[in-house]
Amino acid sequence: GHAVAASQLAATERRAHRRYCEAVSAGAGHEDGWFEFMRQWLLEVGIPAEQAPAGVAALRAEHDRFNLWRRPADGLSDALSAVKAAGLKLGIVSNDQPALERLLRRISLRDPFDVVVDSGVEGIRKPDPAIFHRCCERLGVAPERCLYVGDNYEVDVLGAQAAGIGAVLMAAEPADVPASGPDDWVVMASVAEPVRQLLATR
């Protein structure tokens with residue numbers, strides 16, 4: 001086995017995640033992109049290349065059992081509470097497994113959301129505009145009156161824009177921001193930032 005510090009994983013996650021973005025941009029499917037993401041992440045923390053495929057398989061099994069991203073981002077709970085207190089509706093559109101509802105309840109994040117749209121249940125994935133439209137329909141809000149916040153340009157920003165929804169890209173590092181693309185999207189550093197700006201305009 002290999003011992004890897006949590007700080008090392010945190011420091012290399014965004015860099016490894018760019019492999020997913022590059023793969024999807026080049027035409028790969030989500031699963032292939034996910035494999036490249038995980039493989040690169042293992043390499044970044046010092047796992048030998050010949051052991052990486054087995055490591056990816058183990059991570060995939062654990063992700064299917066209980067999502068690897070199971071710790072809420074800093075400030076997320078407070079941001080969601082502020083949105084609900086302002087009388088706005090909240091929905092999730094996620095490329096996940098059918099256990100997303102269970103995961104949200106387990107980490108105490110289900111209650112703020114009016115709608116949860118999970119690709120594992122719906123049978124379609126982001127960036128397909130149809131999955132965003134399903135969320136809008138269930139919220140009872142027109143796409144042009146919605147705002148989507150995500151951390152993946154190819155899947156979240158382009159998918160939301162194709163559905164007629166305004167998009168915010170959460171990008172903690174300049175390298176996470178594409179060099180070119182449509183002009184009508186915004187880059188912010190955390191999920192709390194768009195919430196503050198949204199509420200300030202009300």
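**Figure 1. Helix α3 and the lining of the largest cavity.** In this predicted model, α3 gives the largest share of the lining of the largest cavity, with three residues. Two helices, α3 (52–65) and α5 (100–106), each supply at least two residues of that lining. The full lining counts 10 residues, and those nearest the centre of the cavity are His63, Phe66, Asn67, Ala99 and Leu103. By residue type, the lining divides into three nonpolar, three polar and four charged residues. The volume enclosed is about 60 Å³. If you are wondering where else to look, a search of the whole structure finds one cavity of 30 Å³ or more.

**Figure 2. A stacked aromatic pair in helix α2.** The structure holds two aromatic pairs. Here we meet Phe37 and Trp41, whose rings are stacked, with 5.6 Å from centre to centre and 5 degrees between the planes. Both residues belong to helix α2 (residues 30–44), and because they are four residues apart, about one helical turn separates them. Phe37 and Trp41 are both buried.

**Figure 3. An edge-to-face pair joining helix α7 and strand β3.** Phe132 and Tyr148 also form an aromatic pair, this one edge-to-face: the centres are 5.1 Å apart and the planes meet at 80 degrees. The pair links distant parts of the chain, with Phe132 in helix α7 (residues 129–139) and Tyr148 in strand β3, 16 residues apart. Phe132 counts as buried because its relative accessibility is 1%. Tyr148, at 12% relative accessibility, counts as buried too, since the cut-off for that label is under 20%.

**Figure 4. Asn152 at the start of helix α8.** Asn152 sits in the loop between β3 (147–150) and α8 (153–162). At the start of α8, a side-chain oxygen of Asn152 comes to within 3.1 Å of the backbone nitrogen of Glu154. Leaving aside residues up to four places away in sequence, Asn152 touches His17, Tyr20, Cys21, Val157 and Leu169. With a relative accessibility of 5%, Asn152 counts as buried.

**Figure 5. Helix α8 and its surroundings.** Eight of the 10 residues of α8 are buried, so this helix is largely enclosed by the rest of the structure. The buried residues are Tyr153, Glu154, Val155, Asp156, Val157, Gly159, Ala160 and Gln161. Just after α8, look for Gly164, which takes a positive phi of about 85 degrees.

**Figure 6. Leu169 in strand β4.** Leu169 is part of strand β4 (residues 166–170). One of the residues that Asn152 touches, Leu169 is buried, with a relative accessible area of 1%. Follow the chain back and you reach Val149, which is 20 residues from Leu169 in sequence but 6.1 Å away in space, C-alpha to C-alpha.

**Figure 7. Ser119 and its contacts.** Ser119 lies in helix α6, which covers residues 119–122. Not counting residues up to four places away in sequence, Ser119 touches Ser94, Asn95, Asp96, Ile124, Arg125 and Ile131. The relative accessible area of Ser119 is 4%, so Ser119 is buried.

**Figure 8. Two backbone features in loops.** A little background helps with this view: most residues other than glycine have a negative phi, and most peptide bonds are trans. Against that background, Ser108 has a positive phi of about 60 degrees although it is not a glycine. Ser108 is found in the loop between α5 and β2 (115–118). Is Ser108 buried or exposed? Ser108 is exposed, with a relative accessible area of 62%. The other feature is a cis peptide bond, running from Lys126 to Pro127, with omega near 15 degrees. Pro127 lies in the loop between α6 and α7.

Methods
Residues are numbered from 1 along each chain as its sequence is written. This is a predicted model: local features need pLDDT of at least 70, side-chain atom pairs count only at pLDDT 80 or more; totals for chains, interfaces and linings use all residues. Side-chain values use heavy atoms; hydrogens and water are left out. On a 1 Å grid over the protein atoms alone, a cavity is a set of points where a 1.4 Å probe fits but cannot get out, and a pocket is an open set with protein on both sides within 12 Å along at least five of seven lines; lining residues have an atom within 4 Å of a point. Grid points are joined across faces, edges and corners, and a volume is the space filled by probe spheres set on the points. Ala, Val, Leu, Ile, Met, Phe, Trp, Tyr, Cys and Pro count as nonpolar, Asp, Glu, Lys and Arg as charged, and the others, Gly among them, as polar. Buried means under 20% relative accessible area, exposed over 50%, partly exposed in between (1.4 Å probe, protein chains only). Contact means heavy atoms within 4.5 Å. Rings of Phe, Tyr and Trp (its six-membered ring) pair if their centres lie within 6.5 Å; planes under 30 degrees apart count as stacked, over 60 as edge-to-face and the rest as tilted. A polar contact is a pair of N or O atoms within 3.5 Å; within protein, one must be able to donate a hydrogen and the other to accept it, and residues adjacent in sequence count only if both atoms are side-chain atoms.
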